Amino acid sequence: MTKTEDAPSRAHQLRASVQRFGGHLAGMVMPNIGAFIAWGLITALFIPSGWLPNAQLAELVDPMVKLLLPILIGYTGGRLVHGQRGAVVGAVATVGIAVGADVPMFLGAMLVGPLAALLLKLWDNSVGEKVGAGFKMLVDNFSAGIIGGAMAVLGSLAIGPVVEGITKALGNGVQFLLDAHLLPLVSVIVEPAKVLFLNNAINHGVLSPLGVTHSAESGKAIEFLIEPNPGPGLGILVALALFGMKAARATAPGAIVIQFLGGIHEIYFPYILAQPRLILAAIAGGASGVLVFSIFDAGLTATPSPGSIFAILAVTPKGGWFGVLAGVVISAAVSFIIAALLLKFGRDARKAEREQEVANGGTVKS
């Protein structure tokens, strides 16, 4: 076989590997979308800038995003690797990186949950199966406890700081691009970081402090628009609703309402993780939006939280709505066009569905 014949095969294998990896990440998040929605609704309603501010109920926000959601992701990741036993050690291990962290440890949970479950699976396959029936329950319980506890300690001492270091490195990259006045290129870092659930860390750790400084000087700041812009997510979800696989077409319309109107951007991240090529659409949409914001000198007076179109308009200074809306619309349009091209306007989805129908013994319509 020639080198030219090998190249498409290698490219196909690489693409398949990336898709499998993205699908695995999405598989840890999608079953927990309900919990994300619950957190998003509580945030949108009860935080000081929400629709129904309530100090007591707002106390639910931090524990949910810093503990509950990462633990659920770690639990689900462990279950994917080694069933219920893997789920338990995955949850225990995730506690180690979640407790005391300054940022929500979604990325860390995606790493440590499956890793702890894999270690337990290796133990069970090599040692656990050889234990006599009389001691099996004792050995199973203690092995899960020891491995889960050890991974929690390791996560707290080693893995957690590494993930926080990655977050800070991304933040430094954003800061460098801002200092170099290369605002549209910020999306090259911000959009992939968002999809890895580092959106709050980037926004509140880097962009918001810079925005506060600039807003105090000029009454508005473009930094408040970079991460909360709902346009890129909207365009991708619309493309999926029209051209995605059957499951995406069924769920994307509801996700549009939650993301664009409710401001819960996390709802569209699993769709990109399942098809990583769509990150190009998010980057293009984000960069075009930032470019339009810059051209019209658009900015907000404060960080919109959550990042819904209503929250954004609520903190738009008087006379600045056109520039803000133009950036959101252009970013949505660009991300939609790029996503539609990447999805080949539904041709791949229709082909896969026909192949599945044939495999299931159905008939294919000509």
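The expected span of a helix is 1.5 Å times one less than its number of residues. With that rule in hand, let's look at a few close-ups of this predicted model.

**View 1. Helix 10, residues 246–261, agrees with its expected length.** Because each residue should add 1.5 Å, the 16 residues of helix 10 should span 22 Å, and the 24 Å between the end C-alpha atoms agrees with this. Look along the helix for a kink of about 40° at Ala252, shortly before the proline Pro253. Just past the helix comes Gly263, which has a positive phi near 80°.

**View 2. Helix 10 has buried residues covered by other helices.** Ala248, Ala252, Ala255, Ile256, Gln259 and Phe260 are buried; Ala252 is also where the kink lies. The cover over the buried residues includes helix 9 (231–243), helix 11 (269–274), helix 13 (309–314) and helix 14 (321–342).

**View 3. Helix 9 is mostly covered.** Of its 13 residues, 10 are buried, including Gly231, Pro232, Gly233, Leu234 and Phe243. Helix 9 should span 18 Å because 1.5 Å is expected for each residue, and its end C-alpha atoms, 18 Å apart, agree.

**View 4. Two spans carry a transmembrane annotation in the UniProt record.** The unreviewed UniProt entry places "transmembrane region" at several stretches, among them residues 142–163 and 278–300. In the model, residues 142–163 are 100% helix and 0% strand, with end C-alpha atoms 29 Å apart. Residues 278–300 are 74% helix and 0% strand, and here the end C-alpha atoms lie 28 Å apart.

Terms used:
Residues numbered from 1 in each chain as written. Predicted model: local features only at pLDDT ≥ 70, side-chain atom pairs only at ≥ 80, totals over all residues. Heavy atoms only, no water. Helix = DSSP H or I, 4+ residues; strand = E, 2+ residues; numbered from the N terminus. Bend = angle between axes of the 7 residues up to and from the residue. Buried < 20%, exposed > 50% of the residue type's maximum accessible area, 1.4 Å probe, protein only. Contact = heavy atoms within 4.5 Å. UniProt positions renumbered as here; feature names shortened; annotations may be inferred.
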